[in-house]
Amino acid sequence: MLAESFIAFAALLSVSAPEYQDPRTAYAAVNGLPVARYVAATSPAPVKIRPESVGVEVTAQSAFVLDIASGEALFEKEEQTAHPIASLTKLMTAMTFLDTKPDLNEMVTVLGEDDPREGRSVFLPGEKFTKGELLEALLVGSVNTAGNTLARVTGGKEVFVRKMNDKARELQLQRAMFYEPTGLDANNQATARDVARMLRAALNYPEIREATEHQSVILPGRVSGKPYDIKSTNLLLGSFLNKGAYRIVAAKTGSLPEAGYCLAQVTSHDGHEIIAVVLGSTDHFSRFQDAKALTYWAFQTYGWPVSSAQLLKSE
């Protein structure tokens, strides 16, 4: 199995990277699920303005589109079937880690045992990073060693994984199950609907939103002497979905031979936010095309009524 961080175009480790720059360290529940705090407590569901449009064809085995504010499902394809989710696991890893209220400036050392030895190693054993830097490596470049390190220094891997599954139950993820914090184990599984709920909950964490918006992050090589240039695995950050009236708010990629190619993404357009999830797309590029097509289709097919909260805000 290849780690997600090595399937993307760009190499995660660049010896010719620019100088190190410090990374940023810094309603009511529907179906019992938490929603990002900036979402109105009550929001009307979007209305289909193109009733003749039934959706788009995607290569993904499962797909799901969710309106964040209302919790309304806008598109469904085998959304209740559990699949391996690969590095989408790292959303749960990040939330579980942040729930412990860690000191993101605390320095930790990467150990040899943290390297899953899947593909080329990104961080050398003995390298030192702050917890915040490892979190960014986890979410921006999907670095597996970062996930293992954070789990080890947050109570140990066994305890950490138990907390991940506790978090899944807290969020009422119906078929989600986690066995380790990176997504390399194909037994880490969930449905497309579960993943959408998981990403929706992740919006409550500003550190996750900020990290997944980065196209790259540069981390210092305090031991190696060379900075690490961590490239985002999300190619859609450079697409039209992140320009003009569109903005990518948060996202995570994932891939394994058993999982195919996966993507979960929050996109905003004219103040409205939707989540698109694709699991088991046929190849590296198809997942991005699948998610892009679903997102564009949803925003072109549905209209959003003006909520009472929006009316008050405009006064």
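Modeller: Helix axes here are lines fitted to C-alpha atoms over the stretch in contact, with angles taken between N-to-C directions. Do keep in mind that this is a predicted model.

Biologist: Good to know! With that in hand, at what angle do α1 and α5 pack?

Modeller: Helix α1 (residues 89–98) and α5 pack at about 35 degrees, and their axes are 10 Å apart.

Biologist: What makes the crossing of α1 and α5 left-handed or right-handed?

Modeller: A left-handed crossing has the near helix turned anticlockwise from the far one by less than a right angle. The crossing of α1 past α5 is left-handed.

Biologist: Which residues make that contact?

Modeller: From α1 come L91, M92 and M95, and from α5 come M198, L199, A201 and A202. By class, the contact has 7 nonpolar, no polar and no charged residues.

Biologist: Why is α5 called largely enclosed?

Modeller: Buried means under 20% relative accessible area. In α5, 11 of the 11 residues are buried, so the rest of the structure largely encloses this helix. Among the buried residues of α5 are the charged ones R193, D194, R197 and R200.

Biologist: Which residues touch the most other members of the largest nonpolar core?

Modeller: They are M92, M95, F123, I208 and I230, in a core of 64 residues. Helix α5 (residues 192–202) gives the most to this core, with 7 residues. Members of a core are buried nonpolar residues joined through side-chain atoms within 4.5 Å. Another core, of 24 residues, lies apart, and includes L74, L237, I248 and V278.

Biologist: Now the sheet, please. What makes β3 and β10 its edges?

Modeller: The open sheet has 5 strands in the order β3-β2-β12-β11-β10, with antiparallel pairing. β3 (73–77) and β10 (246–256) each have a single partner strand, so one side of each is left without a neighbour in the sheet.

Biologist: How do you know that β10 and β11 are paired?

Modeller: Pairing needs at least two bridges, and β10 and β11 have 10, in the antiparallel sense. S255 stands opposite Y261 in β11, and a hairpin joins the two strands through 3 residues.

Biologist: And what joins β11 to β12?

Modeller: There are 8 bridges between β11 and strand β12 (residues 272–281), which run antiparallel. The bridge partner of Y261 in β12 is S281. These strands form a hairpin with 2 residues between them, and D270 in the turn has a positive phi of about 55 degrees.

Biologist: Why is β11 called mostly covered?

Modeller: In strand β11 (residues 260–269), 9 of the 10 residues are buried.

How values were computed. Residues numbered from 1 in each chain as written. Predicted model: local features only at pLDDT ≥ 70, side-chain atom pairs only at ≥ 80, totals over all residues. Heavy atoms only, no water. Helix = DSSP H or I, 4+ residues; strand = E, 2+ residues; numbered from the N terminus. Buried < 20%, exposed > 50% of the residue type's maximum accessible area, 1.4 Å probe, protein only. Axes fitted to C-alpha atoms, helices over the stretch in contact; angles between N-to-C directions. Contact = heavy atoms within 4.5 Å.
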